[in-house]
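User: I've got the sequence and the coordinates open. Can you walk me through how the labels were assigned?

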Amino acid sequence: MRRTALLLLVPALAVNLLVFLWPMLNLAALSFRDALPGGGIGTVLSLGTWRDLLADGYYWSLLLNSVVVSLIITLAALFCGYPIALFVHRAPARWRNLLMVACIAPLLVSAVVRTYGWLVILGDRGLLPSLLRALGWVRPPRLVFNEIGVVVALTEILMPYMILSLLAGFGRLNPVLEEAAASLGARPFTVFRRIVLPLSVPGILLGCLLAFVLAVSSFITPSLLGGGRVPLLATEIYDQAIVSLNWPVAAALSVIVLAVFGVALTLYGRLSRAEA
Amino acid sequence: MGRAAFHALVAVMFLFLLAPVILVFPLSLSADSSMAFPPSGWSLRWYAALVQHPGLMAALRNSVLLALLVTASALLLAIPAALAIARGRFPGREALFALLTAPLLLPTIVLGLALLILFAGWGLIGSWSGLVLAHLLVALPYATRVLVTALGTLPAGLEDAAASLGAPPATVFRRVTLPLILPGVAATCAIVCLVSFDETVISLFVVGPRLTTFPVALFRYVQSRTDPLVAAAAAVMILFTLAIVIVLDRLIGLKRAVGG
């Protein structure tokens, strides 16, 4: 049985090796090569790419910008997703399924389509600017091709992950506790602050982790809604790889994205243990 | 905060969540020659323009064919692997399962770049085999995970009973295991189809000038123009997704399919 089991695994493992393990190790190794002019790659191991990268203030500002924008998106997704999750959790069973579908459905729609939907709403001739002009605002502020559009659209795009994480964490929430607090004279906001919020911390932590790592690595939305004016790590990786053909720098930036993932995961682990 | 205020807040947030997807439909029926919302008139002209757009239609055909190829390959690879992981007793089983599902934990922008660098050297950029392999990178983890879950929920002892009555392993699989995990196999087909059809970032690195996929063609189109043609294409994509979800729901029930 052991021999058969291993034989059954061979094809899937071979594909995994071919398209995952080998490419990822190769990518990490490539960051230790030099980029030669014209898209060539040096043949000797060197720290040149890393030295140039870490000495260049532009890449540091890129990292800072990515982290700050992703943190803003994470908090916005939490604030927008929390009321929905709470409402769905408390809804009667026959409504809950329908509401869950409404929360998950956007996940099934391609990021290109949803980003285009935001261009329709925020674009210069879109719904919101038209509405603002109709209300008498002659020159409403530009909502696309800057950070505003990227933050608004990514918040919406990542909200389903946040809602699902929060709902998974709401398992510990017991209506009896809330009723007990209310019957002892606590006002609704006090019940929320002292009972509901503390019990939902695990879901909040998980949702924030997911939203943050997905925001840091998202490419489609910043690329289309940023219009090249919102420099982030993910868009820079693509530009370096496809436009500048500087693969060692793109590889090094990828390693930095993975390092940000690692830091976020470690922080999540620390916080969940402290909370538990 | 009062009850009414809370409900109003929830309604606004739901509107925020669903607006970009819903708005695509009225815009796709616009009669204007450029994107403006609300449209000044209604027509089907952008659907006609989509059907007559040679690049997008070729990309759509590629994406449908690719989704079918990826689904078939993912099933062929994942069913044996899931059997080995769910039924085998050997050291390192957990680690191998983790390795097979690991690509889902990593950002697609990094995975795409890693594939580009290797595939460029192997001449796989812009080729069918390159695209199928690239999509298997994300399809295989989903397929393996869903099938391992399906095998784990089988009533215990049925396979052992068949084997103890003298059925050889291949017969046990064909007559007992496979019929019982058929809902899981159907769910795998639907999920892999959707994952492949929607995959954009990894494809962006692997497509070539002559072979591209629908989401990539749409991405490139939105980069240069934002006329309502994209809304018509987006509506087609949403309806395609909806069709697969409805088929899945009718076949086995959505809750069972996602293991709920």
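Analyst: Below, the labels are taken one at a time and set against their cut-offs.

Analyst: This is a predicted model, where local features need pLDDT of at least 70 and side-chain atom pairs count only at pLDDT 80 or more, while totals for chains, interfaces and linings use all residues. Residues are numbered from 1 along each chain as its sequence is written, with chains lettered from A and ligands numbered from 1 in the order in which they are written.

User: What scores does the model get, and how confident is the predictor in chain B?

Analyst: The model has ipTM 0.89 and pTM 0.89. On pLDDT (the predictor's confidence in each residue, from 0 to 100), chain B averages 88, and 96% of its residues score at least 70. Confidence in chain B bottoms out in helix α13 (residues 254-257) at a mean of 54 and peaks in helix α10 (residues 201-206) at 95.

User: How many helices and strands are there in chain B?

Analyst: Chain B has 13 helices and zero strands. Helices (H or I, at least four residues) and strands (E, at least two) are DSSP runs, numbered from the N terminus.

User: Why is L45(A) called exposed?

Analyst: A residue is buried if 20 or more other C-beta atoms lie within 10 Å of its own, exposed if 12 or fewer, and partly exposed in between, with C-beta atoms placed from the backbone. L45(A) has 10 C-beta neighbours inside 10 Å, so it counts as exposed. L45(A) sits in the loop between β2 (40-41) and α2 (48-55) of chain A. From L45(A) to L30(A) is 8.8 Å, C-alpha to C-alpha, with their positions 15 residues apart in sequence.

User: And what makes F145(A) and L245(A) partly exposed?

Analyst: F145(A) has 19 C-beta neighbours inside 10 Å, so it is partly exposed. L245(A) gets that label because 13 other C-beta atoms lie within 10 Å.

User: What is the phi of F145(A) and of L245(A), and where are these residues?

Analyst: Most residues other than glycine have a negative phi. F145(A), not a glycine, has a positive phi of about 60 degrees, and L245(A), also not a glycine, has a positive phi of about 55 degrees. F145(A) is in the loop between α6 (127-134) and α7 (147-169) of chain A, and L245(A) is in the loop between α12 (233-243) and α13 of chain A.

User: How do you know what span to expect for helix α13 of chain A?

Analyst: The expected span is 1.5 Å times one less than the number of residues. Helix α13 (residues 247-275) of chain A has 29 residues and reaches 42 Å from first C-alpha to last, close to the 42 Å expected. Buried residues in α13(A) include W247(A), L253(A) and V257(A).

User: What makes two residues a contact, and how many residues of chain B are in contact with chain A?

Analyst: Two residues are in contact if their C-beta atoms, placed from the backbone, lie within 7 Å. By that test, 62 residues of chain B are in contact with 60 residues of chain A. α1(B) gives the most to that side of chain B, with 14 residues.

User: Which residues touch the most other members of the largest nonpolar core?

Analyst: A nonpolar core is a set of buried Ala, Val, Leu, Ile, Met, Phe, Trp, Tyr and Cys residues joined through C-beta atoms within 7 Å. Among the 160 residues in the largest one, L113(B) and L140(B) touch the most other members. Leaving aside neighbours within four places in sequence, the contacts of L140(B) include A12(A), V15(A) and L100(B).
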